[in-house]
Amino acid sequence: MQAVSSSAIHHHLPVAHHRRTKQTFLIRSFQEAATLPKQQNATSRLSKSLSNLLRLHIDTPPRTDSWISSSISLIDEKHSTPTCSPKEDISEKWGEIHGCHDWDNLLDPLQPWLRREIVKYGEFAQATYDAFDFDSFSEYCGSCRHNEHNLFKELGLHKNGYIVSKYIYAMSHIDVPRWLERSHLLDSWSKDSNWMGYVAVSDDQESRRIGRRDIVVAWRGTVAPSEWYEDLQRKLDQFGDGEAKVEHGFLSIYTSKRESSRYNKSSASEQVMKEVIRLVELFKQKGENLSLTITGHSLGGALGLLNAYEAAAALPGLPISVISFGAPRVGNIAFRDELHQLGVKTLRMVVKQDIVPRMPGLVFNENLQKFDDITGTLKWVYTHVGAELKLDVQSSPYLKRGFNLPGFHSLETYLHLIDGFHSKSSAFREDARRDFALVNKACDMLVDELRIPHAWYQFANKGLVRNGHGRWVKERRNPEDIPSPTTEAEAHHSAEMLEIDGLALTLC
């Protein structure tokens with residue numbers, strides 16, 4: 001397919017007509033209030049000290065009691081608008097959107113079609129959190145709460161036009177206690193494995209809209225950035241046949257397996273590659289254009305790069321892109337260079353105040369390359385890969401200021417900022433449609449005046465239900481949502497056929 005230039009994409013965009021509306025007043029009210037002076041207390045001084053140390057540039061401005069009162073009704077007005085824009089046909093421009101020219105001239109200002117695709121893949125990554133069982137008192141802690149058939153339907157993502165074809169499970173032979181969840185119960189679904197993501201594929205209608213059959217791999221990450229520094233192994237291991245080296249802990253989760261394991265007789269690497277290769281062969285036989293898009297947040301972004309490296313080596317010529325959010329550095333300079341040589345395109349979303357993208361390699365990182373003439377190439381230095389879209393918490397009038405590591409790292413914070421980003425020099429988009437309430441799903445980032453409770457995303461009564469005797473007990477999962485079967489051999493025997501727009505996919 002002939003590539004379309006970036007300028008051509010922008011040329012066909014409708015011109016935005018700005019007018020002074022009630023929403024304009026609301027946004028400006030938020031922004032003006034964010035600049036008011038405030039006398040620092042002990043907490044804000046501590047936050048400033050830490051932010052200065054990490055160069056996070058965080059301010060802690062105040063909110064007055066009256067600054068939002070006149071705008072509450074205008075927030076209700078926003079509630080009556082759709083949460084997403086209509087989908088455009090990008091079939092003639094998908095190469096540009098997928099990164100064939102490294103997203104040149106598409107990031108600043110952010111091209112609207114690209115923004116919507118980034119949010120789409122970000123929501124696929126968010127699904128790995130929303131469906132994950134974090135309850136350590138559940139016998140299914142570490143699993144997905146829904147089966148493959150219902151995942152997108154239960155999370156409201158069926159509108160995106162993709163179907164899940166396989167779940168991915170991972171384990172680790174090293175001690176990374178905060179990266180993998182464990183049940184406190186002796187009788188649990190698995191002693192060593194976690195649900196780590198899934199493979200999905202676009203249906204016929206979405207494939208026509210985006211111009212190719214898109215295979216997606218979504219990797220689950222971590223939600224507690226304060227625990228990263230302790231769990232990083234700070235050791236580089238060989239990866240591939242060249243000089244590429246990657247972080248020891250990431251590689252362990254990606255490649256670990258055990259014969260006695262219920263779900264990891266094969267590694268996450270082997271599971272995902274087997275399914276991707278199967279889908280590629282299936283659609284190539286039908287003569288379709290294909291792409292592989294790998295997405296993940298935090299640890300998921302790191303696993304995504306390892307996945308992309310393997311896929312590019314095994315499937316030469318397949319367009320492969322990685323769309324990551326708040327991801328850490330993964331490997332050395334040789335790893336970055338080999339990914340580039342393999343043709344992998346990587347777009348990293350980074351919030352300026354988030355510390356995870358600064359690790360590992362807070363000090364020794366790609367910035368040392370300026371001294372190569374003196375030191376030579378340092379093979380052990382961690383380096384980032386690909387293009388970067390830099391976001392700033394302070395650009396949004398809806399977000400609190402101050403020091404909030406979990407909030408800065410939250411994927412929902414990222415998606416909120418992407419939806420509101422136009423360019424580095426412009427204000428938060430007035431016509432951003434994504435529901436701002438999602439930001440507070442698992443943290444406390446929204447200004448209190450919006451009246452959205454923090455960490456609101458949870459089961460009613462924290463998963464307890466009243467039984468027939470009037471006692472409160474743990475709700476039992478529907479049998480179809482219980483992780484099954486217990487071995488991969490049984491899973492293959494119980495494979496089901498699902499018809500999607502006339503196309504048969506095998507779910508394993």
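## Briefing: fold, cores and cavities

In the protein chain, 75% of the contacts with a separation of 6 or more join residues 24 or more positions apart. The model is predicted. Its protein chain has 508 residues, and 54% of them are buried. The secondary structure comes to 17 helices and 15 strands. About 23800 Å² of the chain is exposed, with carbon and sulfur atoms supplying 52% of that area.

**Nonpolar cores**

- The largest nonpolar core holds 65 residues. Tyr198 and Met349 have the most contacts inside this core.
- Helix α6 gives the largest share of this core, nine residues.
- Another core lies apart from the largest one and has 43 residues. Phe239, Leu290, Ala302 and Val330 are among its members.

**Contacts of Tyr198**

- Neighbours within four places in sequence are left aside here.
- Tyr198 then touches Phe124, Ala127 and Thr128, among others. These three residues fall within the span of α6, 112-130.
- Its contacts also include Leu151 and Phe152, then Val164, Lys166, Tyr167 and Ile168.
- Val216, Val217 and Ala218 are in contact with Tyr198 as well.

**Cavities**

- The structure holds three cavities of 30 Å³ or more. The largest has a volume of about 70 Å³.
- Ile97, His98, Trp103, Leu114, Glu117, Ile118, Tyr121, Arg212, Ser321 and Ile323 line the largest cavity.
- By type, this lining divides into six nonpolar, two polar and two charged residues. Glu117 and Arg212 are the charged pair, while His98 and Ser321 count as polar.
- Two elements, α6 (112-130) and β7 (320-325), each supply at least two residues of the lining.
- The largest share of the lining, four residues, comes from α6. Helix α6 thus appears in two places: it gives the largest share of this lining and the largest share of the largest nonpolar core.

**Helix α13**

- Helix α13 covers residues 333-341. Its buried residues are Ile333, Ala334, Phe335, Arg336, Glu338 and Leu339.
- Arg336 and Glu338, both charged by type, are on that buried list.
- The buried residues of α13 pack against the helix α12 (299-314). They also pack against three strands: β5 (245-247), β8 (331-332) and β10 (382-383).
- Just after α13, Gly343 takes a positive phi of about 90°.

Note on methods. Residues numbered from 1 in each chain as written. Predicted model: local features only at pLDDT ≥ 70, side-chain atom pairs only at ≥ 80, totals over all residues. Heavy atoms only, no water. 1 Å grid on protein atoms, 1.4 Å probe; cavity = no way out; pocket = protein on both sides within 12 Å on 5 of 7 lines; lining within 4 Å. Points joined across faces, edges and corners; volume = space filled by probe spheres on them. Buried < 20%, exposed > 50% of the residue type's maximum accessible area, 1.4 Å probe, protein only. Contact = heavy atoms within 4.5 Å. Core = buried A, V, L, I, M, F, W, Y, C linked by side-chain atoms within 4.5 Å. Areas by Shrake-Rupley, 256 points an atom, 1.4 Å probe, with all protein chains shown as cover.
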